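This briefing presents the structure shown below for a reader at the bench. The points are grouped by topic after a short lead.

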Amino acid sequence: MIPGLEHVAIIMDGNGRWAKLRGLSRLNGHEQGAQAARRIVEAARERGITYLTLYAFSSENWNRPSSEVEGLFRLLERFIDTEIHRLKTSGVCIHTIGDMSRFPETLQNKITRTLQETSGNTEIHLSIALNYGGRDEIIRAIQRVGRLGVNVTTLDEQTFSDQLDTSFMPDPDLMIRTGGEWRISNFLLWQMAYTEIYFTDILWPDFDENALDEALTWFSGRQRRFGLTSEQIEGTTS
Ligand code: IPE
Ligand code: IPE
Ligand code: MG
């Protein structure tokens, strides 16, 4: 257990470059990326992280070549088929965030079954961001607020948060982005207001338990102030 670390969110970036470096196809890179995801779920559970959110497919990733998009869906189906038993028996509760309505119906049904089958697990909440975009999520939440008939002139943060896809989870304490880019690519825009952000050059398929531990050690050295002064946090002020 790392003090103050309940929720880790990860932008799993660099699969394509990992493959290119080895003369492989981008889909090979995504396959290795899926293996890395499997390892990190297990490692996170072992380290007492209770919420893990993985960015798997963004609302902008639809613009990639259709062969890559279709390959990613096939890979996701295969991941569910091969991992569901292990996830179920190791206490992983699976959730999704994002707008699934654009996905093929068979995939949607498979995902829904997976969520139901693991819904009783409590050890770690694994949320997979699929067709997820922070802006899209905010717009959908506003639409829900409207449908609920909430008076927007008195809307507060909690009421709004309750309509986001992430309403069941705390905000991320730590966000890790692999692959060397320093940007957040439309991930958890609302939720990352006070998240500590860790960037690493490691390409996602190479991200392992040691790399996770390095990120966790970095996190442990941060002082989270949430707008206060260091003196207030350290209790050295009168
Ligand atoms: C991240 O890896 C996975 C997805 C976006 C689906 P990329 O496919 O973006 O890999 P790079 O950034 O091209 O190396
Ligand atoms: C972010 O990676 C999305 C996922 C990891 C699913 P991208 O590779 O799509 O991000 P950009 O395009 O480099 O910002
Ligand atoms: Mg990328």
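Contact here means heavy atoms within 4.5 Å. On that basis, Lys-110 touches Glu-77, Ile-80 and Asp-81, not counting residues up to four places away in sequence. The model is predicted. Its six-stranded sheet is open, with parallel pairing, and two ligands have their surroundings described below, ligand 1 and ligand 2.

**The sheet**

- The six strands of the open sheet follow the order 3-4-2-1-5-6 and pair in parallel.
- Strand 3 (92-97) and strand 6 (196-199) form the edges, each pairing on one side only.
- From one strand to the next, the twist averages 20°.
- In general, strands of a sheet pair through backbone hydrogen bonds, in either a parallel or an antiparallel arrangement.

**Strand 2 and its neighbours**

- Strand 1 (residues 7-11) runs parallel to strand 2 (residues 51-58), and five bridges join the two.
- Along this pairing, His-7 has Tyr-51 of strand 2 as its bridge partner, while Ile-11 stands opposite Tyr-55 in strand 2.
- Strand 2 also pairs with strand 4 (residues 124-132), in the parallel sense and over seven bridges.
- Within strand 4, Ile-128 is the residue opposite Leu-54.
- Strand 2 is largely enclosed by the rest of the structure, because seven of its eight residues are buried.

**Nonpolar cores**

- The largest nonpolar core comprises 41 residues, and Ile-10, Leu-52, Phe-103 and Ile-176 have the most contacts inside it.
- Phe-103 touches Phe-57, Trp-62, Phe-73, Gln-108, Ile-111, Leu-130 and Asn-131, leaving aside residues up to four places away in sequence.
- Another core, of twelve residues, lies apart from the largest one; Tyr-51, Ala-129, Tyr-132 and Phe-187 are among its members.
- As a general tendency, nonpolar side chains in soluble globular proteins are buried together.

**Surroundings of ligand 1**

- Ligand 1 has around it Met-12, Asp-13, Gly-14, Asn-15, Gly-16, Arg-17, Arg-26, His-30, Ala-56, Asn-61, Arg-64 and Leu-72.
- Polar backbone atoms approach oxygen atoms of ligand 1 at two residues listed here: the distance is 3.4 Å for Gly-14 and 3.1 Å for Asn-15.
- An N or O atom in the side chain of Arg-26 is 2.8 Å from an oxygen atom of ligand 1.

**Surroundings of ligand 2**

- The residues surrounding ligand 2 are Ile-11, Met-12, Asp-13, Tyr-55, Ala-56, Phe-57, Asn-61, Arg-64, Arg-177, Arg-183 and Ser-185.
- The side chain of Asp-13 places an N or O atom 3.2 Å from an oxygen atom of ligand 2.
- For Asn-61, a polar side-chain atom lies 2.9 Å from an oxygen atom of ligand 2.
- For Arg-177, an N or O atom of the side chain is 3.4 Å from an oxygen atom of ligand 2.

**Lys-110**

- Lys-110 belongs to helix 4 (residues 105-118).
- Is Lys-110 buried or exposed? Lys-110 has a relative accessible area of 14%; buried means under 20%, so Lys-110 counts as buried.
- The side chains of Lys-110 and Asp-81 are joined by a polar contact of 2.6 Å.
- Asp-81 is also one of the residues that Lys-110 touches, together with Glu-77 and Ile-80, when residues up to four places away in sequence are not counted.

Methods
Residues numbered from 1 in each chain as written. Chains lettered and ligands numbered in written order. Predicted model: local features only at pLDDT ≥ 70, side-chain atom pairs only at ≥ 80, totals over all residues. Heavy atoms only, no water. Pairing = 2+ DSSP bridges. Helix = DSSP H or I, 4+ residues; strand = E, 2+ residues; numbered from the N terminus. Axes fitted to C-alpha atoms, helices over the stretch in contact; angles between N-to-C directions. Core = buried A, V, L, I, M, F, W, Y, C linked by side-chain atoms within 4.5 Å. Buried < 20%, exposed > 50% of the residue type's maximum accessible area, 1.4 Å probe, protein only. Near = heavy atom within 4 Å. Polar contact = N/O pair within 3.5 Å; in protein donor to acceptor, adjacent residues only side chain to side chain.
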